[in-house]
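Biologist: I've got the sequence and the model open, and I'd like to know how the labels get decided. Can we go through a few together?

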Amino acid sequence: MLLPFRRKSAPADPPSPAPRPEKGKGLLMPLPASKLLGTPRRQILLEHIWQRTSLSREQFGTLYRAPIERYAELVQQFPASESHHHAYAGGMLDHGLEIIAYALKLRQSHLLPAGATPEAQAAQSEAWTAGIAYAALLHDLGKIAVDLHVEDTGGRIWHPWHGPIQSPYRFRYRKDRDYHLHGAATGLLYTRVLDPALLDWLSGYPELWAALLFVLAGQDERAGMIGELVTKADQASVAQALGGDPAKATTAPKHALQRKLLDGLRYLVRDELKLNQPQASDGWLTQDALWLVSKTVSDKLRAYLLTQGIDGIPANNTAVFNVLQDHGIAQPAADGKAIWKATVTSDAGWSHAFTFLKLSPAVIWSGDERPEPFAGTVKADEGTTEAPSSPATAAPASSVPSSPVADAVSDLLSMMGGVTDPEPEADQDTSTAVEEPTAPDPISSDQTQALVEDDTPSGEHFLHWLGHSIRARRLIINDAKALVHTVAGTVYLVSPGVFQRYVQEHPGVAALAKLERMPDWQWVQKSFERIHAHRKQPSGLNIWTCEVQGPRKTRRIHGYLLNDPDLVIARPFADNPYLTLIDESSPPAKSADLAQEEPN
């Protein structure tokens, strides 16, 4: 089937950009592969894929171009997701090409099959490269079979296992879709992309064949190195899709994360932050940028989103900055990071240096809403330079080498040697809890409500917040990662997690904790202990240990038991069957309580 692998002469000129699909009465016209793949950006991605093989143009056409064309005609103008990555017409095709390019870039760092002799690796090299490309291209193909409801112009339902759609069509996302079916559904469709000759060829390499079948069955974890490369390439493509374009963030569906971040920032700028003050301020607006003090905006944005019931907001400020940058909301500094160092100077002569997030004013205000700019200057410190407001965007070009998109994609692919691990959370403080010298009577629920007449952080306010958050379902109980459980007929508070969550919603704690020279979460913990709403051990310790029995392992967590569960939760309730309270009747060697959760 294959000729000896060798690189031929320079690539052929790409076809002209594809026209926009015709629409009529909400219908999309099916397009041939030549038009779907004919846009400048997709041609550039195809060139990068070709350059990472050792094939002639003819061989590349058989092994790569033909399957990609069949894939393109099958996925047409479908998006890759409803509101997350590549959530636009044609996003599925873009994601497929990007993930191949990333996967083959990563593949260059690996000799496969691992453990084989150099001669065997050389003989199988092109088969493994092609297998990785197919796994990358097809890993999400099942989405079009289980996520989408597609009708043609006559109202007939289209199913992708019948082949590419042939008549004008419309689609919508199914409300009852099951996200776990994506991988399994790929098995319905991959023979529409990989023809029998390719499958015959791949089946001749047992180790490769097994790994590819696991990916196509949605079992990436059993696919060895191929599964790992596809996962990393998928992460890289998603990260690229979510970053660098404020215009896309602004027009994203209302329930997308970037939209929530933007809505939160707009609310803060309008109602909470002080701008353009002659001295201390939360931010300054210049003619071309909005400079927001980084820690202030991160703390307040996180707090606002949490109070709106939006979970998944990182507790680490650096992670928040990265999310804002990844979604194209915060502009990158010269070092590529979200934080700028700049000096503010007012006309009155006041001057001070801050760390900032830099935003385009158009992201926050539209038309005449923008206020007057600051009567002074905001100057980036030496070593940082003004960065463009967004990365290069696609533009028609006469040839691939001179296209700005070619440079942008080339830079991304050349720099992308892997996907970094998520940033670890901040180290948890291991300070010990100290007993109070006097013990007033335990607080009641009526007292809790009466004492909370303002929003000032305190032990009583923490308890009131806890009950309100549970009732509003902003805090879920008895979940795998919950901060609140029901144990021994009462409520169990995981420490320090539940106190850290309170701090995230109440940034004002930081100033109070600073006065007492302790971590903010520990200030809340001590304030809670002072109201004596918790049950102590017979030994006098505050902290109780629970054993958590999971499906594969057992771990321990530490926390507080409430004297009266009615303070925060309505009866009746059942204890969490996966948590067991450990009897620690004998005191430990140290007199202080352990107030830190053990690692999983």
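Biologist: Why is E47 called buried?

Modeller: Buried means under 20% relative accessible area, with exposed over 50% and partly exposed in between (1.4 Å probe, protein chains only). E47 has a relative accessible area of 9%, so E47 counts as buried. Bear in mind that this is a predicted model, where local features need pLDDT of at least 70, side-chain atom pairs count only at pLDDT 80 or more, and totals for chains, interfaces and linings use all residues. Residues are numbered from 1 along each chain as its sequence is written, and side-chain values use heavy atoms, leaving out hydrogens and water.

Biologist: What makes the E47 and R57 pair a polar contact?

Modeller: That takes a pair of N or O atoms within 3.5 Å; within protein, one must be able to donate a hydrogen and the other to accept it, and residues adjacent in sequence count only if both atoms are side-chain atoms. The side chains of E47 and R57 are joined at 3.0 Å, so the pair makes the cut.

Biologist: Why is helix α21 described as largely enclosed?

Modeller: Helices (H or I, at least four residues) and strands (E, at least two) are DSSP runs, numbered from the N terminus. In α21, residues 520-530, 9 of the 11 residues are buried, so the rest of the structure largely encloses this helix. Among the buried ones are W521, W523 and F528.

Biologist: What covers them?

Modeller: The cover includes α18 (459-471), α19 (497-505) and β14 (554-562).

Biologist: And which residue with a positive phi follows α21?

Modeller: H532, with phi near 55°.

Terms used
Contact means heavy atoms within 4.5 Å.
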